[in-house]
Amino acid sequence: MFSNFRADWNAVFHNDPAARNGWEVLTYAGLHAIVWHRVAHFFWRHNLKFLARLVSQTTRFFTGIEIHPGATIGKGFFIDHGMGVVIGETAEVGDNCLLYHGVTLGGVSLEKKKRHPTLGNNVVIGAGAKILGAIVLGENVQVGANAVVLKDVPPNSVVVGIPGRVVLQDGQRVDQERPLNHGRDLDPEMEIIKGMLGRIEQLEKIVCEPKKGEGNGSASV
């Protein structure tokens, strides 16, 4: 357990440039969450379920980070800021992974089986992203903020969007039927409004155009 703590401690300095010294790091909610999770996980593995849940829920109250005591987490794990992070019971997280606030490693099934994600080593998950189901994210995967990932992701990939799609793999762009240009895509609501305005203009022309034979001849006596 001491080697895990050392790796988690070093992960803070490696991933957060705002960490200036050890005294500051001791105040980090993400560090508190993972340290107490390892305690809760120890109790869980030794069939002290209630004690494990008590430690887990107490940690959640003080940090805003909810990690089920059954989740398996590797060395060098860091949650930056942390508020709103949820990690489910059967989740498995590799070494040197980084999660930002609002991340969910959740399930999509009510069956008592493996129902939460598995993360390889060196995975980075952006703020607000949701990784759902018993899927596997390979090593060195990066998930963009607010993405919703529902399928397996191969190693060395970058995933963005809803639903999550691989846009880079092994440093090469992955062609899509409709390429993603996050930050440059047109506003979908504005596109709908433009379409409606165009349709209204067409209807106005149909209504206002004089019918054939009307308005061209003189009035009959």
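These questions and answers cover the sheets, cores and one surface patch of a predicted model.

Residues are numbered from 1 along each chain as its sequence is written. The model is predicted, so local features need pLDDT of at least 70, side-chain atom pairs count only at pLDDT 80 or more, totals for chains, interfaces and linings use all residues, and side-chain values use heavy atoms, with hydrogens and water left out.

Me: In what order do the strands of the four-strand open sheet run?
Reply: Helices (H or I, at least four residues) and strands (E, at least two) are DSSP runs, numbered from the N terminus. Two strands pair if DSSP finds at least two bridges between them. Here the pairing is parallel, and the order is 2-5-8-11.

Me: Why is one side of strand 2 and of strand 11 left without a neighbour in that sheet?
Reply: Strand 2 (72–73) and strand 11 (136–137) stand at the edges. One side of each is open because each has a single partner strand.

Me: Which residue in strand 5 stands opposite Ile73?
Reply: Strand 2 pairs with strand 5 (residues 92–93) in the parallel sense, over two bridges. Opposite Ile73 in strand 5 stands Val93.

Me: Which strands are the edges of the five-strand open sheet?
Reply: This sheet has parallel pairing and the order 1-4-7-10-13. Each edge strand pairs on one side only. They are strand 1 (66–67) and strand 13 (148–149).

Me: Which residue in strand 4 stands opposite Glu66?
Reply: Strand 1 and strand 4 (residues 86–87) are parallel partners over two bridges. Facing Glu66 in strand 4 is Val86.

Me: Which element gives the most to the largest nonpolar core?
Reply: A nonpolar core is a set of buried (under 20% relative accessible area, 1.4 Å probe, protein chains only) Ala, Val, Leu, Ile, Met, Phe, Trp, Tyr and Cys residues joined through side-chain atoms within 4.5 Å. The largest has 38 residues; Phe77, Ile87 and Leu105 are among those with the most contacts inside it. Helix 1 (2–15), helix 3, strand 3 (78–80) and strand 6 (98–100) give two or more residues each. With three residues, the top contributor is helix 3.

Me: How many residues are in the second, separate core?
Reply: Its members include Ala40, Phe43, Ala52 and Val55. The count is five.

Me: Is Leu48 buried, partly exposed or exposed?
Reply: Leu48 lies in the loop between helix 3 (29–45) and helix 4 (49–63). Partly exposed falls between under 20% (buried) and over 50% (exposed). At 41% relative accessibility, Leu48 is therefore partly exposed.
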